[in-house]
Amino acid sequence: MTAEKFDAIVIGAGMSGNAAAYTMASRGMKVLQLERGEYPGSKNVQGAIMYADMLEKIIPDFREDAPLERHPVEQRFWMMDNTSHTGMHYRSGDFNEAKPNRYTIIRAQFDKWFSRKVREAGATVLCETTVTELAHDTRGKVIGVRTDRVGDIIFADVVVLAEGVSGLLGTRAGLREMPKPETVALAVKEMHFLPEEVIGERFGLKGNEGCVIEAAGTISRGMTGLAFLYTNRESISLGIGCLVSDFASTMESPYTLLEAFKRHPSVRPLIAGSEVKEYAAHLIPEGGYKAIPQLFGDGWLVVGDAAQLNNAVHREGSNLAMTSGRIAGEAIFHVNSRRGPMTKENLALYKTMLDNSFVVKDLKKYKDMPALLHTNSCNFFMTYPQLISQAAQNFLRVDGTPKIEMEKATTAAFIKARSRWGMVSDVVRLAFAWR
Ligand SMILES: Cc1cc2nc3c(=O)[nH]c(=O)nc-3n(C[C@H](O)[C@H](O)[C@H](O)COP(=O)(O)OP(=O)(O)OC[C@H]3O[C@@H](n4cnc5c(N)ncnc54)[C@H](O)[C@@H]3O)c2cc1C
């Protein structure tokens with residue numbers, strides 16, 4: 001009797017794995033998907049904003065039954081010091097379009113729904129199954145996997161590694177390096193439950209409208225980091241993340257930062273009276289374009305966070321994960337439908353398609369940005385937010401001091417904190433990285 005062989009095995013049932021498995025199964029390929037969690041989504045953490053276009057390209061009618069929370073109509077960017085925030089708010093009725101562009105989601109529910117679609121498309125999905133190693137033939141080609149369920153190899157023509165940022169299989173197999181502490185952030189997140197109408201009143205929202213707050217400043221205590229607050233239907237997702245290397249060198253704890261963010265006078269009233277039901281911590285790949293590893297080889301491809309495909313500057317990850325998963329599935333289907341072998345040469349099609357997509361184009365555009373923010377973190381996340389707050393107070397307080405003196409005080413504060421040349425150099429480098 002010969003062992004059952006699959007056209008493709010997908011490791012992981014997150015955004016990228018589900019996209020890859022659905023794309024191949026819906027085209028008639030024989031797909032096995034393996035997920036170590038109790039159910040898809042049980043291990044996954046996201047803010048979470050989900051971008052509709054990327055899911056629409058996989059499941060065009062997803063709005064009919066996907067568990068979507070709210071569609072954001074307002075985005076607030078806050079630069080915070082310890083007692084204030086300086087904000088830029090953008091709100092538009094245009095976001096109330098018939099097919100909204102973004103939704104907040106709860107990954108535990110969303111991943112379950114996505115996985116149901118994968119099964120309906122014909123894939124076999126096994127949860128509570130950890131892939132323990134990749135199996136190779138004598139020439140080093142990946143020919144399948146071993147799991148903690150069965151000792152024997154499960155064979156497949158190709159294996160898609162969608163194991164997320166902390167997946168160990170690719171690194172253990174020598175296909176990519178372990179993410180470095182300076183290229184990954186550690187984020188912590190809580191879910192605060194409040195009645196739907198309270199959320200609506202506090203944020204000025206009607207129906208399924210949502211509000212997003214993203215904040216940087218002294219809340220990350222000089223480290224490169226970002227805090228967020230997203231409204232769901234009956235809950236608020238709130239969290240903060242900083243580079244692992246910064247946590248290691250400052251010995252700050254993520255939990256302490258989150259507590260301070262929640263106590264901040266700008267945040268506390270928004271979550272007052274809420275009940276906290278969930279606490280989660282997860283890594284985020286932040287190395288950008290330069291951290292992308294080898295993406296394909298003989299019998300394997302890597303997608304999503306496992307491939308460091310995450311746009312930290314725009315806080316996008318799930319859309320890059322879904323798109324890389326879809327493109328991997330399409331490339332594999334293309335090779336499969338021509339009865340080609342899943343060699344490195346043939347699977348290079350995945351990289352060509354990915355290079356032509358927004359995924360690599362966007363990461364390439366900001367290739368210097370992560371390094372810039374990381375090396376100048378104290379200026380960007382401590383000095384400037386404090387100075388801007390001070391400038392705002394000097395502008396707004398009326399106490400008989402002549403305006404000219406107020407302006408001089410503001411200029412002097414800036415120069416004292418950071419020399420003219422220091423500021424010019426920061427602005428030029430920021431503009432250069434943003435170009
Ligand atoms: C706090 C936080 C906030 C975020 N906010 C946003 C946001 O608002 N918008 C956005 O677009 N992105 C956001 N992201 C990023 C986004 O969550 C990721 O980019 C996305 O989840 C990556 O999907 P993935 O499928 O590659 O990996 P994951 O979703 O991590 O899935 C990997 C899966 O593989 C499974 N797995 C791992 N190893 C094995 C194994 N050996 N065997 C079997 N299964 C295995 C895991 O259990 C998991 O289910 C956020 C991330 C964090 C941490």
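The legends below describe close-up views of a predicted model.

**View A. An open sheet of seven strands with mixed pairing.** The strand order across the sheet is S5-S4-S12-S13-S14-S11-S15. Strand S5 (85–91) and strand S15 (275–285) form the edges, each pairing on one side only. With direction ignored, neighbouring strands of the sheet are turned by 15° against each other on average.

**View B. The antiparallel pairing of S11 and S15.** Strand S11, which spans residues 184–193, is joined to S15 by ten bridges. Within this pair, Leu-186 is placed opposite Leu-283 of S15.

**View C. Packing of helix H7 on the sheet.** Helix H7 comprises residues 254–263 and touches strand S4 (71–80), S11, strand S12 (209–217), strand S13 (225–231), strand S14 (235–243) and S15. The direction of H7 makes about 130° with that of S14.

**View D. Surroundings of the ligand.** The ligand has 38 residues around it, of which Ser-16, Glu-35, Arg-107, Asp-305 and Ser-318 come nearest. Oxygen atoms of the ligand take part in several of the polar approaches shown. A polar side-chain atom of Asn-44 lies 3.0 Å from a ligand oxygen atom. Two further approaches involve the protein backbone: a polar backbone atom of Gly-317 is 3.0 Å from an oxygen atom of the ligand, and a polar backbone atom of Ala-162 is 3.4 Å from an oxygen atom of the ligand. Taken alone, the ligand exposes 1,000 Å², and the protein buries 96% of that area. Helix H1 (15–25), strand S3 (49–51), S15 and H9 are the elements that give two or more residues to the shell around the ligand.

**View E. The environment of Asn-319 in helix H9.** Helix H9 covers residues 318–337 and includes Asn-319. Asn-319 counts as buried because its relative accessibility is 1%, under the 20% limit for that class. The side chain of Asn-319 forms a polar contact of 2.7 Å with the side chain of Glu-316. When residues up to four places away in sequence are not counted, Asn-319 touches Tyr-51, Met-54 and Phe-358.

**View F. Glu-201 in helix H5.** Helix H5 is formed by residues 196–203, and Glu-201 is found in this helix. Glu-201 counts as exposed because its relative accessibility is 68%, over the 50% limit for exposed residues. The C-alpha atom of Glu-201 is separated by 22 Å from that of Ser-84, and the two residues are 117 residues apart along the chain.

**View G. Arg-221 in the loop between S12 and S13.** Although Arg-221 is not a glycine, its phi is positive, at about 50°. The relative accessibility of Arg-221 is 33%, so this residue counts as partly exposed.

**View H. Gln-308 in the loop between strand S17 (300–302) and H9.** Gln-308 has a positive phi of about 60° and is not a glycine. The relative accessible area of Gln-308 is 6%, and the residue is therefore buried.

Notes: Residues numbered from 1 in each chain as written. Predicted model: local features only at pLDDT ≥ 70, side-chain atom pairs only at ≥ 80, totals over all residues. Heavy atoms only, no water. Pairing = 2+ DSSP bridges. Helix = DSSP H or I, 4+ residues; strand = E, 2+ residues; numbered from the N terminus. Axes fitted to C-alpha atoms, helices over the stretch in contact; angles between N-to-C directions. Contact = heavy atoms within 4.5 Å. Buried < 20%, exposed > 50% of the residue type's maximum accessible area, 1.4 Å probe, protein only. Polar contact = N/O pair within 3.5 Å; in protein donor to acceptor, adjacent residues only side chain to side chain. Near = heavy atom within 4 Å. Areas by Shrake-Rupley, 256 points an atom, 1.4 Å probe, with all protein chains shown as cover.
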